[in-house]
Amino acid sequence: MHLSIVTGSSRGLGLALTEQLLQRGHRVLAIARSTTSPPGPENDALEAWRADLADAAPVAAQLQQWLAGQGAASSVTLINNAGVVSTPGPLGDSDLAELSTAIRVGLESAVLLSAAFLHATAAWTVPRKIVLVSSGLGRRAMAGSASYCAAKAGMDHLARAVALEEAARPHGARIVSLAPGIIDTDMQVQLRTADRTRFPERDRFLGFKTAGQLDSPTVAATKLLRYLDRDDFGSNPVGDVRDE
């Protein structure tokens with residue numbers, strides 16, 4: 001049995017990943033603020049938790065306990081996909097509560113859930129993998145989205161540090177902070193409809209849509225899982241599906 005954990009699983013990329021993992025015969029733990037309901041009949045291999053990752057500490061503790069109670073698996077994977085974009089605009093003009101939520105969901109939850117995952121599975125000898133769903137914006141700054149850029153850049157460096165730690169352990173986990181390409185999700189709608197005076201990159205995102213450059217969540221999930229299956233997964237802790 002392959003065991004996979006997906007955050008932000010109720011829509012977009014997370015929902016598509018959950019659906020495709022179930023189709024592969026994986027047992028999936030899905031974590032999201034809303035109900036995770038993949039299309040098709042109910043599947044006994046899906047366990048869904050409703051949780052707000054803006055308060056990730058209790059969720060991480062619950063995950064650690066849950067993993068400790070799992071039986072034998074042939075592999076175990078954590079996909080940290082959850083993320084939030086605060087209202088596009090200059091950092092100094094942004095709502096403080098929105099910024100806090102964006103950083104807590106986008107980075108703090110990835111740190112805590114990864115820590116819980118690594119602790120609970122430390123003695124497992126099966127392949128253990130972590131995917132941090134990052135973004136090109138973690139590697140290229142963009143005006144009007146400082147909190148999102150910071151969270152994704154933090155993911156990249158988190159992966160680099162954890163990769164060094166796990167390389168020194170027997171049966172160490174492999175980790176990649178992976179940019180999934182440009183996906184047609186609610187985040188893209190938010191960026192395309194932002195106030196142009198506060199978000200100068202708006203027209204660029206309108207252009208992605210007009211030019212048909214956006215992957216559907218289904219296509220993006222297929223690319224991400226194909227990358228996850230690579231024999232050299234984890235050899236570089238920072239990756240991009242477009243590097244294939």
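Trainee: Quick one to start: is F233 buried or exposed?

Mentor: Keep in mind that this is a predicted model. In it, F233 has 2% relative accessibility, so F233 counts as buried.

Trainee: And where is F233 placed?

Mentor: F233 sits in the loop between helix 7 (217-228) and strand 7 (238-240).

Trainee: What does F233 touch, leaving out residues up to four places away in sequence?

Mentor: On that count, F233 touches K129, I130 and V131, then R174, I175 and V176, and also Y227 and L228.

Trainee: How far is F233 from G71 in space?

Mentor: C-alpha to C-alpha they are 25 Å apart, with their positions 162 residues apart in sequence.

Trainee: Switching to I79. Which element holds it?

Mentor: I79 lies in strand 4, which runs over 75-80. With a relative accessible area of 0%, I79 is buried.

Trainee: What touches I79, again skipping residues up to four places away in sequence?

Mentor: Quite a list: I5, V6, T7, L17, L21, V131, V133, L224 and L225.

Trainee: I was looking at I130 as well. How far apart are the C-alpha atoms of I79 and I130?

Mentor: They are separated by 5.9 Å, although I79 and I130 are 51 residues apart along the chain.

Trainee: On to the interior. Which residues of the largest nonpolar core touch the most other members?

Mentor: That core has 36 residues, and I5, L63, L67, F117 and L132 are the ones that touch the most other members. At least two residues of this core come from each of strand 1 (2-7), strand 2 (27-32), helix 2 (56-68), strand 4, helix 3, strand 5 (128-133) and helix 4.

Trainee: Which element gives the largest share of this core?

Mentor: Helix 3 does, with seven residues. As background, nonpolar side chains tend to be buried together in soluble globular proteins.

Trainee: Let's zoom in on L63. What does L63 touch, not counting residues up to four places away in sequence?

Mentor: L63 touches I5, L29, W49 and L113.

Trainee: How many residues are in the second core?

Mentor: That separate core has 21 residues, among them A16, L22, V28 and V241.

Trainee: Now helix packing. At what angle do helix 2 and helix 3 pack?

Mentor: The angle is about 20 degrees, and their axes are 8 Å apart. Angles under 35 degrees count as roughly parallel, and helix 2 and helix 3 are therefore described as roughly parallel to each other. Their crossing is right-handed.

Trainee: Which residues meet there?

Mentor: From helix 2 you have A56, A57, V59, A60, L63, Q64, L67 and A68, and they meet S109, L112, L113, A116, F117, H119 and A120 in helix 3. By class, this contact of helix 2 with helix 3 has 12 nonpolar, three polar and no charged residues.

Trainee: What about helix 3 and helix 4: at what angle do they pack?

Mentor: Helix 3 (residues 96-120) and helix 4 (residues 146-167) pack at about 15 degrees, with their axes 9 Å apart. Helix 3 and helix 4 are therefore roughly parallel to each other too, and helix 3 passes helix 4 in a right-handed crossing.

Trainee: Which residues make that contact?

Mentor: Helix 3 brings L99, A102, I103, G106, L107, A110, V111 and L118, while helix 4 brings S147, A150, A151, G154, M155, L158, V162 and E166. The contact of helix 3 with helix 4 divides into 12 nonpolar, three polar and one charged residue.

Trainee: And at what angle do the axes of helix 1 and helix 7 cross?

Mentor: Roughly 60 degrees for helix 1 (residues 12-23) and helix 7, and the axes come within 8 Å. That makes helix 1 oblique to helix 7. The crossing of helix 1 and helix 7 is right-handed.

Trainee: Which residues make the contact there?

Mentor: On helix 1 they are G12, L13, A16, L17, Q20 and L21, and on helix 7 they are P217, T218, A220, A221, T222, L224 and L225. The contact of helix 1 with helix 7 comprises nine nonpolar, four polar and no charged residues.

Trainee: One for the loops: where is R11, and what does R11 touch?

Mentor: R11 lies in the loop between strand 1 and helix 1. Not counting residues up to four places away in sequence, R11 touches R33 and D186.

Trainee: Last one, H171. What is its phi?

Mentor: Phi of H171 is near 55 degrees, a positive value in a residue other than glycine. H171 is found in the loop between helix 4 and strand 6 (174-179).

Terms used. Residues numbered from 1 in each chain as written. Predicted model: local features only at pLDDT ≥ 70, side-chain atom pairs only at ≥ 80, totals over all residues. Heavy atoms only, no water. Axes fitted to C-alpha atoms, helices over the stretch in contact; angles between N-to-C directions. Helix = DSSP H or I, 4+ residues; strand = E, 2+ residues; numbered from the N terminus. Parallel < 35°, antiparallel > 145°, perpendicular 65-115°, else oblique. Left-handed = near helix turned anticlockwise from the far one by under 90°. Contact = heavy atoms within 4.5 Å. Nonpolar A, V, L, I, M, F, W, Y, C, P; charged D, E, K, R; others polar. Core = buried A, V, L, I, M, F, W, Y, C linked by side-chain atoms within 4.5 Å. Buried < 20%, exposed > 50% of the residue type's maximum accessible area, 1.4 Å probe, protein only.
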